[in-house]
Amino acid sequence: DGDFKLIFKVGDGRTQLVFINSSTERYKNLEIREVWSPACTSNGPFSAKVANNLLRDSYSKKLGAWQTMVSGDTHVAVFAAKIAADSDAQTLGAALLIVINAADAMEKEITGKDDF
């Protein structure tokens with residue numbers, strides 16, 4: 001569908017999957033592109049403990065937040081940043097780093113694995 005799917009090395013032998021959506025969304029005069037990365041999955045809704053942990057973590061971030069993507073019974077916690085669609089390379093790079101590092105840190109904290 002034209003989305004960009006990238007895998008970054010994040011250190012300690014870990015990697016992190018990140019997506020840059022090619023399609024954009026509009027809100028009034030803003031055109032927005034989403035950059036997101038998965039951290040963990042659940043068969044059904046996340047536990048209150050995990051959900052509250054994600055909410056607390058969102059508060060500390062300068063850009064982006066945790067959200068849930070649902071497909072059937074599978075729930076995926078993803079960290080997403082929504083940036084201007086015409087952002088320059090430096091802004092896109094900064095958003096990528098924030099998203100990748102947030103998702104990898106949470107994945108490591110919740111699962112202890114390197115699944116994404």
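Reader: How much area does the protein expose, and what share of it do carbon and sulfur atoms supply?

Author: The protein exposes about 7200 Å², and carbon and sulfur atoms supply 53% of it. Such areas come from the Shrake-Rupley method with a 1.4 Å probe, and for residues only the protein chains shown count as cover. Please keep in mind that this is a predicted model, where local features need pLDDT of at least 70, side-chain atom pairs count only at pLDDT 80 or more, and totals for chains, interfaces and linings use all residues. Residues are numbered from 1 along each chain as its sequence is written, and side-chain values use heavy atoms, with hydrogens and water left out.

Reader: Which elements make up the protein, and in what order do they run?

Author: From the N terminus on, the order is β-β-β-β-α-β-β-α. That gives 2 helices and 6 strands. Helices (H or I, at least four residues) and strands (E, at least two) are DSSP runs, numbered from the N terminus.

Reader: Why is the protein called as compact as a globular protein of its length?

Author: Its radius of gyration is 14 Å, close to the 13 Å that the globule rule gives for 116 residues, so the description fits. The radius is taken over C-alpha atoms, and the rule is 2.2 Å times the number of residues to the power 0.38. Along the principal axes, the C-alpha atoms fill a box of roughly 40 × 30 × 30 Å.

Reader: What makes arginine 14 and aspartate 104 a salt bridge?

Author: A salt bridge is a side-chain nitrogen of Lys or Arg within 4 Å of a carboxyl oxygen of Asp or Glu. For arginine 14 and aspartate 104 the N to O distance is 2.9 Å, so the pair meets that definition. Arginine 14 lies in strand β2 (residues 14-20) and aspartate 104 in helix α2 (residues 89-111), so the bridge ties together parts 90 residues apart in sequence.

Reader: Why do arginine 14 and aspartate 104 count as buried?

Author: Buried means under 20% relative accessible area, exposed over 50%, and partly exposed in between (1.4 Å probe, protein chains only). Arginine 14 is at 10% and aspartate 104 at 9%, so both are buried. Of the 116 residues of the protein, 36% count as buried.

Reader: Which other salt bridge does arginine 14 form?

Author: Arginine 14 also pairs with glutamate 107, with the closest N and O atoms 3.1 Å apart. This links strand β2 to helix α2 across 93 residues. Glutamate 107 is buried too, like arginine 14.

Reader: How do you know whether aspartate 57 and lysine 61 are buried or partly exposed?

Author: Aspartate 57 has 17% relative accessibility, so it counts as buried. Lysine 61, at 27%, is partly exposed. Their side chains meet in a salt bridge (3.1 Å, N to O). Elsewhere, shared partners join Arg14, Asp104 and Glu107 into one network. A search of the whole structure finds 4 salt bridges.

Reader: What makes alanine 39 count as buried, and which residues does it touch?

Author: Alanine 39 sits in strand β4 (residues 30-43), and its relative accessibility is 1%, so it counts as buried. Not counting residues up to four places away in sequence, alanine 39 touches Trp66, Ala77, Ala103, Met106, Glu107, Thr111 and Phe116. A contact here means heavy atoms within 4.5 Å.
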